[in-house]
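This briefing is meant for a reader who has not seen the structure before. It takes up the sheets, the domains, the cores and one helix in turn.

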Amino acid sequence: MKGSVSLGKVSEIDIKIHWTFLLIFVWVVFIELEQGGTLSSILFNAAFILVIFTCVVLHELGHALMAKRFGVSTKKITLLPIGGVASLEKIPEEPYQEFLVAIAGPLVNVVIALLLFFLVPVQSVLQLPLVEMLEELNELSVSNFLFYLFLANAGLVVFNMIPAFPMDGGRVLRAVLAMYTDRVKATSIAAAIGQFIAMIFLLLGLFVNIFLVFIALFVFIGAYGENKMVQHTALLKGHKVREAMLTNITRLHPEDSMQKVRDLLLSGTEKDFVVSANGKALGILSHENILNNSGKKNALVRDFMDTEFKTISSQAPLKDVLRLVESGKSHFYPVTSPDGMLEGAIDMTNLNEFIVLQSHLEF
Ligand SMILES: [Zn+2]
């Protein structure tokens, strides 16, 4: 996510904080001043937020380190005002693995809450008559700080376990469903429940707490996107790259002029090109690259082609292309035969076309 600052690394995972996180502190100061707070009450609350978000980082590390046990790495953990996001390289497809990865986060908060439960006299506070309890809890003391921290961790467990896919509880639900039915069906059920709960969040958010509106959007869009992704991957299953690749591509030569490329761009529908010689791919010239250098008509293709590119084998599973595109490095890949000769190319438009054709076959 753009606008994040790195706080350091834990177990090779970048811990980042998004600038919007600062809004929470602005909000705390605002609320405190409005309620006649003092400098110490502001500091108390600000420190509390820092500690809570440390618990959120530990929660995300719970997911990440469990995922690591199953060979899934995590690029980064980003802290946003609505919580943390661990960017896992992928979600384990094995239901019991997804179950363990999803539950590991909330379990971290269960452990913290249990520790605090024994550390602070939670029960003795809760047993006080209401008026006395509120009075006691108004003090800015260390024990109250820990008591609130206990409540917050308990709250994090309850909130995260709401079965609103793709929140943790929703992932647990999908994993459990996937143990009894197939993953595609399990995902569409979990996503429908997730979107239903998101609507409730949205309504509550409008009247109770504005943060819930953002969470509602996150859940709604997340459920939609991930459901679609799972359905698509299922349609690609069992198919190879060669079945969907573009074979009718224009092969540029390194010595071709940029003027020629410009003409090709205008006269046809191809946007990205493979540069090759003697049947081997040497580079790619992306649409963006061509536009950026369209003024240099006498320059040669070899001056601008990108030589740091990935190719994909025509024998590779088609869903690998989806993974490559999702990794965000490029959207266009030359396709090679097992002996390394250029056979064609594949991009997302191509893949989408294949998905549409497949879905027409299915229904
Ligand atoms: Zn979580």
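**Sheet β5-β6-β7**

In this predicted model, Arg251 stands opposite Val274, a residue of β6. That pair belongs with the parallel pairing of β5 and strand β6 (residues 273-277), which extends over 2 bridges. The points below describe the sheet around these strands, then move on to other parts of the chain.

- The strand order is β5-β6-β7 in an open sheet of 3 strands, and the pairing is mixed.
- β5 (251-252) and β7 (280-285) are the edge strands, each with a single partner strand, so one side of each has no neighbour in the sheet.

**Sheet β8-β9-β10**

- Another open sheet has 3 strands in the order β8-β9-β10, and its pairing is mixed.
- Its edges are β8 (312-313) and β10 (342-347); each has a single partner strand, so one side of each is left without a neighbour in the sheet.
- Strand β9 (residues 332-336) runs antiparallel to β10, and 5 bridges pair them.
- Opposite Phe332 stands Asp347 of β10.

**Strands β2, β3 and β4**

- Strand β2 (residues 13-18) and β3 run parallel and are joined by 4 bridges.
- Lys16 stands opposite Thr78, which lies in β3.
- β3 also pairs with strand β4 (residues 83-88), in the antiparallel sense and over 6 bridges.
- Thr78 has Val85 as its bridge partner in β4.
- The connection from β3 to β4 is a hairpin through 2 residues.

**Domains**

- The domain assignment divides the protein chain into domain 1 (4-236) and domain 2 (241-362).
- Between the C-alpha centres of domain 1 and domain 2 the distance is 41 Å.
- Contact between the domains involves 4 residues of domain 1 and 6 residues of domain 2.
- On the side of domain 1 that touches domain 2, there are 2 nonpolar and 2 polar residues, and no charged residues.

**Nonpolar cores**

- In soluble globular proteins, nonpolar side chains tend to be buried together.
- The largest nonpolar core has 45 residues, of which Phe165, Ala198, Phe201, Ala216 and Val219 touch the most other members.
- Two or more residues of this core come from each of α2 (39-69), β3 (74-80), α3 (95-119), α6 (142-160), α7 (168-180), α8 (183-207) and α9 (211-236).
- The element that gives the most to this core is α3, with 7 residues.
- Leaving aside residues up to four places away in sequence, Phe201 touches Leu212, Ile215, Ala216 and Val219.
- There is also a second, separate core of 25 residues, with Val275, Val301, Leu318 and Leu342 among them.

**Helix α8**

- How does the span expected for the 25 residues of α8 agree with the distance between its end C-alpha atoms? At 1.5 Å a residue the helix should span 36 Å, and its end C-alpha atoms are 36 Å apart, which agrees.
- The buried residues of α8 are Ala186, Thr187, Ala190, Ala191, Gly194, Ile197, Ala198 and Phe201.
- An α-helix has 3.6 residues a turn, so residues three or four places apart point the same way.
- α7 and α9 are among what covers the buried residues of α8.

Note on methods: Residues are numbered from 1 along each chain as its sequence is written. This is a predicted model: local features need pLDDT of at least 70, side-chain atom pairs count only at pLDDT 80 or more; totals for chains, interfaces and linings use all residues. Two strands pair if DSSP finds at least two bridges between them. A nonpolar core is a set of buried Ala, Val, Leu, Ile, Met, Phe, Trp, Tyr and Cys residues joined through C-beta atoms within 7 Å. A residue is buried if 20 or more other C-beta atoms lie within 10 Å of its own, exposed if 12 or fewer, and partly exposed in between; C-beta atoms are placed from the backbone. Two residues are in contact if their C-beta atoms, placed from the backbone, lie within 7 Å. Domain bounds come from an automatic or database domain assignment. Ala, Val, Leu, Ile, Met, Phe, Trp, Tyr, Cys and Pro count as nonpolar, Asp, Glu, Lys and Arg as charged, and the others, Gly among them, as polar. The expected span of a helix is 1.5 Å times one less than its number of residues.
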